[in-house]
Amino acid sequence: MRLTVIGTGYLGAVHAACMADIGHEVLGVDIDPEKIAALGEGRVPFFEPGLQDVLSRTVGSGRLRFTTSLDEAADFGDVHFVCVSTPQRPDSPAADLRAVDAVIDGLAPRLRRRCLIVGKSTVPAGTTARLTARVQERAPQGADVEVAWNPEFLREGFAVQDTLRPERLVVGVLSGRADQTLREVYAPILNTGVPYISTDPATAELVKVAANSFLATKISFINAMAEVCDATGADVTTLAEALGHDTRIGRRFLSAGLGFGGGCLPKDIRAFTARADELGVGSAVSFLREIDEINVRQRRRTVAIARDMTGGGFTGRRIAVLGATFKPDSDDVRDSPALAVAGAIHREGGDVRLHDPEGMDNARAVLPLLEYVPDVAKACEGADLVLHLTEWTDYRRIDPAALAAVTRARKILDARNALDAALWRSAGWTLRALGRPTPHPLPSQQTAADHAPPVYSAELG
(Lines give C-alpha, C1' and ligand atoms only; values in the text may rest on other atoms or scores of the structure.)
Protein backbone atom coordinates (compact mmCIF):
# COMPACT_ATOMS: atom_id res chain seq x y z
CA MET A 1 0.00 0.00 0.00
CA ARG A 2 1.16 3.57 -0.66
CA LEU A 3 1.28 5.66 2.53
CA THR A 4 2.30 9.22 3.28
CA VAL A 5 3.44 10.37 6.71
CA ILE A 6 3.01 14.11 7.10
CA GLY A 7 5.23 15.50 9.82
CA THR A 8 8.60 13.79 10.26
CA GLY A 9 9.49 14.70 13.79
CA TYR A 10 9.89 12.06 16.45
CA LEU A 11 6.53 10.36 15.85
CA GLY A 12 6.47 10.75 12.08
CA ALA A 13 10.03 9.64 11.37
CA VAL A 14 9.56 6.49 13.44
CA HIS A 15 6.18 5.70 11.90
CA ALA A 16 7.40 6.26 8.34
CA ALA A 17 10.46 4.06 8.76
CA CYS A 18 8.52 1.26 10.49
CA MET A 19 5.68 1.27 7.94
CA ALA A 20 8.25 0.94 5.16
CA ASP A 21 9.96 -1.81 7.13
CA ILE A 22 6.78 -3.94 7.12
CA GLY A 23 6.54 -3.63 3.35
CA HIS A 24 4.63 -0.47 2.40
CA GLU A 25 5.78 2.23 0.01
CA VAL A 26 6.08 5.34 2.17
CA LEU A 27 6.56 9.02 1.42
CA GLY A 28 7.55 11.23 4.36
CA VAL A 29 6.47 14.87 4.13
CA ASP A 30 7.67 17.90 6.07
CA ILE A 31 8.02 21.66 5.63
CA ASP A 32 11.61 21.60 6.98
CA PRO A 33 13.97 21.04 4.01
CA GLU A 34 16.99 20.33 6.26
CA LYS A 35 15.15 17.59 8.10
CA ILE A 36 13.91 16.12 4.83
CA ALA A 37 17.44 16.16 3.40
CA ALA A 38 18.86 14.39 6.45
CA LEU A 39 16.18 11.71 6.48
CA GLY A 40 16.49 11.24 2.72
CA GLU A 41 20.17 10.49 3.24
CA GLY A 42 19.28 7.94 5.91
CA ARG A 43 20.35 10.11 8.87
CA VAL A 44 18.18 10.33 11.99
CA PRO A 45 18.12 13.95 13.28
CA PHE A 46 17.50 12.88 16.89
CA PHE A 47 18.52 10.02 19.18
CA GLU A 48 16.26 6.97 19.31
CA PRO A 49 17.70 3.46 19.83
CA GLY A 50 17.21 1.18 16.82
CA LEU A 51 15.78 3.80 14.48
CA GLN A 52 18.98 4.41 12.54
CA ASP A 53 19.11 0.79 11.38
CA VAL A 54 15.47 0.79 10.27
CA LEU A 55 15.81 4.13 8.47
CA SER A 56 18.98 3.11 6.66
CA ARG A 57 17.45 -0.18 5.60
CA THR A 58 14.19 1.29 4.28
CA VAL A 59 15.72 4.30 2.53
CA GLY A 60 18.28 1.99 0.96
CA SER A 61 15.56 -0.34 -0.28
CA GLY A 62 13.70 2.49 -2.00
CA ARG A 63 10.51 1.83 -0.03
CA LEU A 64 10.96 5.07 1.92
CA ARG A 65 11.66 8.51 0.54
CA PHE A 66 10.96 12.09 1.60
CA THR A 67 9.62 15.32 0.13
CA THR A 68 8.42 18.82 1.03
CA SER A 69 5.64 18.71 -1.60
CA LEU A 70 2.00 18.23 -0.60
CA ASP A 71 1.13 17.94 -4.30
CA GLU A 72 3.40 14.92 -4.54
CA ALA A 73 1.93 13.50 -1.33
CA ALA A 74 -1.67 13.90 -2.56
CA ASP A 75 -0.88 12.15 -5.84
CA PHE A 76 1.06 9.36 -4.12
CA GLY A 77 -0.91 8.29 -1.07
CA ASP A 78 -3.83 5.92 -0.53
CA VAL A 79 -3.55 6.62 3.20
CA HIS A 80 -2.21 9.86 4.68
CA PHE A 81 -0.95 9.70 8.29
CA VAL A 82 -0.90 13.04 10.11
CA CYS A 83 1.93 13.06 12.65
CA VAL A 84 2.54 16.73 13.43
CA SER A 85 2.99 18.05 16.94
CA THR A 86 0.17 19.31 19.17
CA PRO A 87 1.98 21.23 21.91
CA GLN A 88 0.40 23.22 24.69
CA ARG A 89 -0.93 26.56 23.52
CA PRO A 90 1.14 29.55 24.65
CA ASP A 91 -1.92 31.28 26.11
CA SER A 92 -3.72 28.39 27.83
CA PRO A 93 -3.40 24.74 28.94
CA ALA A 94 -5.26 23.60 25.80
CA ALA A 95 -3.67 21.75 22.88
CA ASP A 96 -2.41 23.86 19.99
CA LEU A 97 -3.94 22.29 16.87
CA ARG A 98 -2.64 24.81 14.34
CA ALA A 99 -0.22 22.32 12.78
CA VAL A 100 -2.96 19.70 12.38
CA ASP A 101 -5.31 22.24 10.83
CA ALA A 102 -2.56 23.46 8.51
CA VAL A 103 -1.99 19.93 7.21
CA ILE A 104 -5.71 19.43 6.58
CA ASP A 105 -6.10 22.81 4.89
CA GLY A 106 -3.06 22.20 2.71
CA LEU A 107 -3.79 18.61 1.78
CA ALA A 108 -7.58 18.59 1.29
CA PRO A 109 -7.79 20.79 -1.85
CA ARG A 110 -5.24 18.49 -3.52
CA LEU A 111 -7.13 15.23 -2.93
CA ARG A 112 -8.70 14.21 -6.24
CA ARG A 113 -9.22 10.51 -5.55
CA ARG A 114 -10.59 8.30 -2.80
CA CYS A 115 -8.25 8.10 0.19
CA LEU A 116 -8.12 7.96 3.98
CA ILE A 117 -6.57 10.56 6.29
CA VAL A 118 -5.46 9.03 9.59
CA GLY A 119 -4.50 11.22 12.51
CA LYS A 120 -1.89 9.92 14.94
CA SER A 121 -1.20 13.16 16.81
CA THR A 122 -2.66 13.53 20.30
CA VAL A 123 -5.80 15.68 20.01
CA PRO A 124 -8.88 16.60 22.07
CA ALA A 125 -12.00 14.48 21.74
CA GLY A 126 -14.14 15.76 18.89
CA THR A 127 -11.24 16.61 16.59
CA THR A 128 -11.99 13.86 14.03
CA ALA A 129 -15.57 15.03 13.62
CA ARG A 130 -14.44 18.63 13.14
CA LEU A 131 -11.74 17.70 10.64
CA THR A 132 -14.05 15.38 8.68
CA ALA A 133 -16.37 18.29 7.93
CA ARG A 134 -13.41 20.48 7.11
CA VAL A 135 -11.86 17.95 4.71
CA GLN A 136 -15.03 16.99 2.89
CA GLU A 137 -15.87 20.65 2.37
CA ARG A 138 -12.47 21.40 0.84
CA ALA A 139 -11.54 18.18 -1.01
CA PRO A 140 -12.57 17.86 -4.68
CA GLN A 141 -13.35 14.21 -3.93
CA GLY A 142 -15.75 15.23 -1.16
CA ALA A 143 -17.18 12.39 0.92
CA ASP A 144 -14.78 9.89 -0.66
CA VAL A 145 -12.11 11.34 1.59
CA GLU A 146 -12.55 10.01 5.13
CA VAL A 147 -10.82 10.86 8.39
CA ALA A 148 -9.95 8.33 11.09
CA TRP A 149 -7.90 8.52 14.28
CA ASN A 150 -5.21 6.04 15.28
CA PRO A 151 -3.47 7.30 18.45
CA GLU A 152 0.18 6.49 19.06
CA PHE A 153 1.47 5.01 22.31
CA LEU A 154 5.21 5.40 21.77
CA ARG A 155 7.68 5.47 24.63
CA GLU A 156 10.83 7.39 23.84
CA GLY A 157 13.71 4.94 23.93
CA PHE A 158 11.40 2.12 22.78
CA ALA A 159 9.63 3.75 19.83
CA VAL A 160 10.63 1.23 17.16
CA GLN A 161 9.58 -1.68 19.36
CA ASP A 162 6.32 0.07 20.27
CA THR A 163 5.51 0.64 16.58
CA LEU A 164 6.36 -2.82 15.28
CA ARG A 165 5.22 -4.78 18.37
CA PRO A 166 2.64 -2.56 20.11
CA GLU A 167 0.64 -3.64 23.12
CA ARG A 168 -2.51 -2.75 21.17
CA LEU A 169 -3.69 -0.91 18.08
CA VAL A 170 -6.63 1.45 18.50
CA VAL A 171 -8.49 2.96 15.55
CA GLY A 172 -11.43 5.34 15.54
CA VAL A 173 -13.34 5.03 12.28
CA LEU A 174 -16.60 6.20 10.74
CA SER A 175 -17.05 3.41 8.21
CA GLY A 176 -16.31 -0.23 7.51
CA ARG A 177 -14.18 0.85 4.56
CA ALA A 178 -11.89 2.91 6.78
CA ASP A 179 -11.62 0.03 9.24
CA GLN A 180 -10.72 -2.45 6.49
CA THR A 181 -8.10 -0.08 5.10
CA LEU A 182 -6.37 0.19 8.46
CA ARG A 183 -6.51 -3.56 8.95
CA GLU A 184 -4.65 -3.89 5.64
CA VAL A 185 -2.09 -1.25 6.65
CA TYR A 186 -1.32 -3.05 9.89
CA ALA A 187 -1.79 -6.62 8.63
CA PRO A 188 1.85 -7.70 9.20
CA ILE A 189 1.60 -6.48 12.80
CA LEU A 190 -1.88 -7.86 13.45
CA ASN A 191 -0.75 -11.25 12.15
CA THR A 192 1.54 -11.51 15.20
CA GLY A 193 -1.49 -11.43 17.51
CA VAL A 194 -1.49 -7.75 18.50
CA PRO A 195 -4.95 -6.76 19.87
CA TYR A 196 -6.91 -4.53 17.49
CA ILE A 197 -9.58 -2.25 18.93
CA SER A 198 -11.88 -0.62 16.39
CA THR A 199 -14.15 2.02 17.85
CA ASP A 200 -15.63 5.44 17.20
CA PRO A 201 -13.26 8.41 16.75
CA ALA A 202 -14.15 10.12 20.05
CA THR A 203 -13.25 7.00 22.03
CA ALA A 204 -9.99 6.56 20.12
CA GLU A 205 -9.07 10.18 20.78
CA LEU A 206 -9.79 9.73 24.49
CA VAL A 207 -7.75 6.53 24.82
CA LYS A 208 -4.42 8.34 24.48
CA VAL A 209 -5.12 11.19 26.90
CA ALA A 210 -6.81 8.84 29.36
CA ALA A 211 -3.81 6.47 29.27
CA ASN A 212 -1.35 9.31 29.83
CA SER A 213 -3.52 10.74 32.59
CA PHE A 214 -3.58 7.39 34.37
CA LEU A 215 0.21 7.01 34.12
CA ALA A 216 0.71 10.56 35.37
CA THR A 217 -1.61 9.83 38.28
CA LYS A 218 0.31 6.71 39.24
CA ILE A 219 3.65 8.52 39.10
CA SER A 220 2.40 11.48 41.09
CA PHE A 221 0.73 9.17 43.62
CA ILE A 222 4.00 7.49 44.55
CA ASN A 223 5.75 10.87 44.61
CA ALA A 224 3.10 12.13 47.01
CA MET A 225 3.79 9.05 49.12
CA ALA A 226 7.50 9.92 49.00
CA GLU A 227 6.67 13.29 50.54
CA VAL A 228 4.72 11.55 53.30
CA CYS A 229 7.60 9.09 53.79
CA ASP A 230 10.01 11.99 54.25
CA ALA A 231 7.75 13.35 57.00
CA THR A 232 7.38 9.99 58.78
CA GLY A 233 10.76 8.33 58.26
CA ALA A 234 9.27 5.58 56.08
CA ASP A 235 10.96 4.21 52.95
CA VAL A 236 9.07 4.82 49.72
CA THR A 237 10.93 2.12 47.78
CA THR A 238 9.79 -0.57 50.22
CA LEU A 239 6.31 0.95 50.21
CA ALA A 240 6.21 0.77 46.40
CA GLU A 241 7.41 -2.83 46.43
CA ALA A 242 4.67 -3.82 48.86
CA LEU A 243 2.00 -1.99 46.85
CA GLY A 244 3.25 -3.46 43.59
CA HIS A 245 2.58 -7.01 44.71
CA ASP A 246 -1.12 -6.18 44.69
CA THR A 247 -2.20 -7.25 41.21
CA ARG A 248 -4.83 -4.53 41.19
CA ILE A 249 -2.05 -1.94 41.44
CA GLY A 250 1.12 -3.40 39.88
CA ARG A 251 4.73 -2.27 40.29
CA ARG A 252 5.27 -0.40 37.01
CA PHE A 253 5.37 3.40 37.27
CA LEU A 254 5.54 3.19 41.07
CA SER A 255 9.07 4.58 41.25
CA ALA A 256 9.33 7.73 43.32
CA GLY A 257 11.65 10.42 42.09
CA LEU A 258 11.91 13.71 40.29
CA GLY A 259 8.70 13.16 38.32
CA PHE A 260 7.64 13.06 34.70
CA GLY A 261 8.38 15.42 31.83
CA GLY A 262 8.82 15.25 28.08
CA GLY A 263 6.58 16.24 25.23
CA CYS A 264 3.54 14.13 26.15
CA LEU A 265 2.40 13.61 29.75
CA PRO A 266 2.58 17.19 31.07
CA LYS A 267 0.89 18.86 28.11
CA ASP A 268 -1.59 16.01 27.60
CA ILE A 269 -3.05 16.15 31.10
CA ARG A 270 -3.33 19.94 30.85
CA ALA A 271 -5.04 19.72 27.47
CA PHE A 272 -7.38 17.03 28.84
CA THR A 273 -8.50 19.26 31.70
CA ALA A 274 -8.96 22.20 29.31
CA ARG A 275 -11.11 20.12 26.95
CA ALA A 276 -13.14 18.74 29.86
CA ASP A 277 -13.83 22.33 30.94
CA GLU A 278 -15.01 23.15 27.42
CA LEU A 279 -17.37 20.17 27.51
CA GLY A 280 -18.77 21.16 30.90
CA VAL A 281 -17.31 18.17 32.74
CA GLY A 282 -14.21 19.79 34.18
CA SER A 283 -15.01 18.64 37.71
CA ALA A 284 -14.70 15.00 36.56
CA VAL A 285 -10.96 15.41 35.91
CA SER A 286 -10.16 18.23 38.33
CA PHE A 287 -7.85 15.85 40.21
CA LEU A 288 -5.44 16.08 37.27
CA ARG A 289 -4.58 19.63 38.27
CA GLU A 290 -3.31 18.31 41.59
CA ILE A 291 -1.42 15.55 39.75
CA ASP A 292 0.30 18.26 37.72
CA GLU A 293 1.07 20.27 40.87
CA ILE A 294 2.56 17.24 42.66
CA ASN A 295 4.79 16.65 39.67
CA VAL A 296 6.03 20.23 39.56
CA ARG A 297 6.46 20.25 43.35
CA GLN A 298 8.97 17.38 43.09
CA ARG A 299 11.26 19.71 41.20
CA ARG A 300 11.01 22.37 43.89
CA ARG A 301 11.57 19.77 46.61
CA THR A 302 14.69 18.51 44.85
CA VAL A 303 16.11 22.02 44.67
CA ALA A 304 15.29 22.53 48.36
CA ILE A 305 17.02 19.29 49.40
CA ALA A 306 20.06 20.19 47.30
CA ARG A 307 20.14 23.64 48.93
CA ASP A 308 20.06 22.03 52.37
CA MET A 309 22.89 19.66 51.42
CA THR A 310 25.10 22.62 50.45
CA GLY A 311 24.56 24.37 53.76
CA GLY A 312 21.61 26.55 52.88
CA GLY A 313 22.56 28.15 49.59
CA PHE A 314 24.24 27.61 46.21
CA THR A 315 26.31 30.79 45.90
CA GLY A 316 29.96 29.84 45.56
CA ARG A 317 29.10 26.14 45.36
CA ARG A 318 29.93 23.88 42.45
CA ILE A 319 27.06 21.55 41.58
CA ALA A 320 27.59 18.56 39.28
CA VAL A 321 24.42 17.56 37.43
CA LEU A 322 24.19 14.09 35.92
CA GLY A 323 21.40 14.10 33.35
CA ALA A 324 19.60 16.67 31.22
CA THR A 325 17.00 14.66 29.31
CA PHE A 326 13.57 13.95 30.74
CA LYS A 327 14.29 10.21 30.61
CA PRO A 328 17.17 7.92 29.62
CA ASP A 329 17.71 6.58 26.08
CA SER A 330 16.52 9.84 24.55
CA ASP A 331 17.96 13.25 23.69
CA ASP A 332 14.64 14.98 24.44
CA VAL A 333 14.81 17.82 26.95
CA ARG A 334 11.24 19.09 26.52
CA ASP A 335 9.83 19.93 29.95
CA SER A 336 12.74 18.01 31.46
CA PRO A 337 12.64 17.87 35.28
CA ALA A 338 16.44 17.49 35.29
CA LEU A 339 16.98 20.62 33.26
CA ALA A 340 14.41 22.54 35.34
CA VAL A 341 16.34 21.69 38.53
CA ALA A 342 19.69 22.57 36.96
CA GLY A 343 18.35 25.89 35.75
CA ALA A 344 16.83 26.75 39.13
CA ILE A 345 20.13 26.08 40.91
CA HIS A 346 22.02 28.19 38.38
CA ARG A 347 19.60 31.08 38.93
CA GLU A 348 20.27 30.84 42.67
CA GLY A 349 23.98 31.34 42.08
CA GLY A 350 25.22 27.77 41.77
CA ASP A 351 28.16 26.93 39.51
CA VAL A 352 26.46 24.16 37.55
CA ARG A 353 28.40 21.66 35.48
CA LEU A 354 26.19 19.30 33.50
CA HIS A 355 26.75 16.00 31.73
CA ASP A 356 24.33 13.88 29.70
CA PRO A 357 25.18 11.01 27.34
CA GLU A 358 22.93 12.24 24.51
CA GLY A 359 21.09 15.42 25.40
CA MET A 360 23.72 18.12 25.89
CA ASP A 361 23.28 19.83 22.52
CA ASN A 362 19.53 20.13 23.05
CA ALA A 363 20.03 21.23 26.65
CA ARG A 364 22.55 23.88 25.61
CA ALA A 365 19.98 25.31 23.19
CA VAL A 366 17.53 25.71 26.11
CA LEU A 367 19.94 26.77 28.89
CA PRO A 368 23.09 28.13 27.22
CA LEU A 369 24.50 29.68 30.42
CA LEU A 370 25.23 26.33 32.07
CA GLU A 371 28.61 24.65 31.65
CA TYR A 372 28.39 21.45 29.62
CA VAL A 373 31.19 18.93 29.98
CA PRO A 374 31.99 15.78 27.98
CA ASP A 375 32.46 13.26 30.78
CA VAL A 376 31.24 12.49 34.27
CA ALA A 377 34.59 12.99 36.01
CA LYS A 378 35.00 16.44 34.51
CA ALA A 379 31.47 17.40 35.54
CA CYS A 380 32.17 16.30 39.13
CA GLU A 381 35.61 17.85 39.44
CA GLY A 382 35.67 19.98 42.58
CA ALA A 383 31.93 19.51 43.14
CA ASP A 384 30.35 20.34 46.49
CA LEU A 385 27.32 18.26 45.54
CA VAL A 386 26.46 15.74 42.82
CA LEU A 387 22.88 15.52 41.57
CA HIS A 388 21.67 12.35 39.84
CA LEU A 389 18.70 13.60 37.81
CA THR A 390 18.28 11.22 34.84
CA GLU A 391 18.60 7.47 35.37
CA TRP A 392 20.99 6.61 32.53
CA THR A 393 22.59 3.18 32.84
CA ASP A 394 26.00 4.86 32.60
CA TYR A 395 25.38 6.65 35.89
CA ARG A 396 24.31 3.52 37.73
CA ARG A 397 27.66 2.01 36.75
CA ILE A 398 29.76 4.80 38.27
CA ASP A 399 32.39 3.67 40.78
CA PRO A 400 31.66 5.90 43.80
CA ALA A 401 35.13 5.40 45.25
CA ALA A 402 36.76 6.58 42.03
CA LEU A 403 34.42 9.55 41.72
CA ALA A 404 35.22 10.59 45.29
CA ALA A 405 38.79 11.29 44.19
CA VAL A 406 37.70 14.26 42.05
CA THR A 407 34.92 15.90 44.09
CA ARG A 408 35.35 18.45 46.87
CA ALA A 409 32.68 16.80 49.00
CA ARG A 410 31.23 13.30 49.01
CA LYS A 411 27.61 14.33 48.80
CA ILE A 412 25.09 13.04 46.26
CA LEU A 413 21.36 13.54 45.85
CA ASP A 414 19.78 10.62 44.01
CA ALA A 415 16.61 12.25 42.73
CA ARG A 416 15.68 9.12 40.79
CA ASN A 417 16.12 6.48 43.51
CA ALA A 418 18.17 4.47 41.02
CA LEU A 419 21.63 4.25 42.59
CA ASP A 420 22.88 1.53 44.92
CA ALA A 421 22.68 3.52 48.15
CA ALA A 422 24.62 0.96 50.20
CA LEU A 423 27.48 0.96 47.69
CA TRP A 424 27.77 4.74 47.69
CA ARG A 425 27.55 5.02 51.47
CA SER A 426 30.18 2.32 51.92
CA ALA A 427 32.50 4.51 49.82
CA GLY A 428 32.01 7.35 52.29
CA TRP A 429 29.32 9.29 50.49
CA THR A 430 26.40 11.07 52.10
CA LEU A 431 23.54 9.97 49.87
CA ARG A 432 20.05 11.37 50.10
CA ALA A 433 17.06 10.33 48.04
CA LEU A 434 13.44 11.39 47.74
CA GLY A 435 11.25 9.46 50.15
CA ARG A 436 14.03 7.43 51.76
CA PRO A 437 15.32 7.95 55.31
CA THR A 438 18.96 8.28 56.26
CA PRO A 439 19.96 4.84 57.62
CA HIS A 440 20.53 4.32 61.33
CA PRO A 441 21.91 1.28 63.15
CA LEU A 442 19.50 -1.48 64.07
CA PRO A 443 18.75 -1.76 67.81
CA SER A 444 21.10 -4.73 68.21
CA GLN A 445 23.90 -2.64 66.71
CA GLN A 446 23.41 0.38 69.00
CA THR A 447 25.43 1.23 72.06
CA ALA A 448 23.84 2.34 75.33
CA ALA A 449 24.29 5.93 74.24
CA ASP A 450 22.29 5.30 71.10
CA HIS A 451 18.91 4.51 72.69
CA ALA A 452 17.34 7.86 71.93
CA PRO A 453 14.50 7.75 69.38
CA PRO A 454 15.83 7.73 65.80
CA VAL A 455 15.89 11.05 63.98
CA TYR A 456 15.12 10.72 60.29
CA SER A 457 16.21 13.04 57.55
CA ALA A 458 13.29 15.34 56.72
CA GLU A 459 13.79 15.91 53.01
CA LEU A 460 11.08 18.52 52.64
CA GLY A 461 13.54 21.37 52.16
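The legends below accompany close-up views of a predicted model.

Residues are numbered from 1 along each chain as its sequence is written, and side-chain values use heavy atoms, with hydrogens and water left out. Because the model is predicted, local features need pLDDT of at least 70 and side-chain atom pairs count only at pLDDT 80 or more, whereas totals for chains, interfaces and linings use all residues.

**View 1. Packing of helix α1 (residues 10-21) against helix α3 (residues 51-61).** Helices (H or I, at least four residues) and strands (E, at least two) are DSSP runs, numbered from the N terminus. The two helices pack at an angle of about 55 degrees, with their axes 9 Å apart; axes are lines fitted to C-alpha atoms, for helices over the stretch in contact, and angles run from 0 to 180 degrees between N-to-C directions. That angle makes α1 oblique to α3, given that angles under 35 degrees count as roughly parallel, over 145 as roughly antiparallel, 65 to 115 as roughly perpendicular and the rest as oblique. The crossing of α1 past α3 is left-handed, a term used if the near helix is turned anticlockwise from the far one by less than a right angle, with right-handed used if clockwise. On the α1 side the contact (heavy atoms within 4.5 Å) is made by Ala 13, Val 14, Ala 17, Cys 18, Ala 20 and Asp 21, and on the α3 side by Leu 51, Val 54, Leu 55, Arg 57 and Thr 58. By class, the contact of α1 with α3 has eight nonpolar, one polar and two charged residues, where Ala, Val, Leu, Ile, Met, Phe, Trp, Tyr, Cys and Pro count as nonpolar, Asp, Glu, Lys and Arg as charged, and the others, Gly among them, as polar.

**View 2. Crossing of helix α10 (residues 201-232) and helix α12 (residues 265-279).** The axes of α10 and α12 come within 9 Å and cross at roughly 115 degrees, which makes α10 roughly perpendicular to α12. Here too the crossing is described as left-handed. Residues of α10 that make the contact are Leu 206, Lys 208, Val 209, Ala 210, Asn 212, Ser 213, Leu 215, Ala 216 and Ile 219, and those of α12 are Leu 265, Asp 268, Ile 269 and Phe 272. Sorted by class, the contact of α10 with α12 has nine nonpolar, two polar and two charged residues.

**View 3. The open sheet of six strands and the helices that lie across it.** The strands follow the order β11-β10-β9-β12-β13-β14, and their pairing is parallel; two strands pair if DSSP finds at least two bridges between them. At the edges are β11 (371-372) and β14 (430-433), each of which pairs on one side only. Strand β9 (residues 318-322) pairs with strand β10 (residues 351-355) in the parallel sense over five bridges, and Ile 319 has Val 352 of β10 as its bridge partner. Four of the five residues of β9 are buried, that is, under 20% relative accessible area, with exposed meaning over 50% and partly exposed in between (1.4 Å probe, protein chains only). Helix α13 (residues 287-309) lies across β12 (385-388), β13 (411-414) and β14, and runs at about 170 degrees to β13. Helix α14 (residues 337-347) lies across β9, β10 and β12, running at about 160 degrees to β10.

**View 4. Strand β7 (residues 169-172) and its parallel partner β8 (residues 196-199).** In a regular strand the side chains alternate between the two faces of the sheet. From β7, Leu 169 and Val 171 point one way and Val 170 and Gly 172 the other way, and all are buried. The pairing of β7 with β8 extends over four bridges, and Leu 169 has Tyr 196 of β8 as its bridge partner.

**View 5. Asp 292 in helix α13.** Asp 292 is buried, with a relative accessible area of 15%. When its neighbours within four places in sequence are left aside, Asp 292 is in contact with Ile 269 and Arg 270.

**View 6. Two loop residues, Phe 253 and Asn 417, with positive phi.** Most residues other than glycine have a negative phi. Phe 253, in the loop between α11 (236-244) and α12, nevertheless has a positive phi of about 65 degrees, and at 34% relative accessibility this residue counts as partly exposed. Asn 417, in the loop between β13 and α19 (421-426), has a positive phi near 50 degrees and is buried, with a relative accessible area of 16%.
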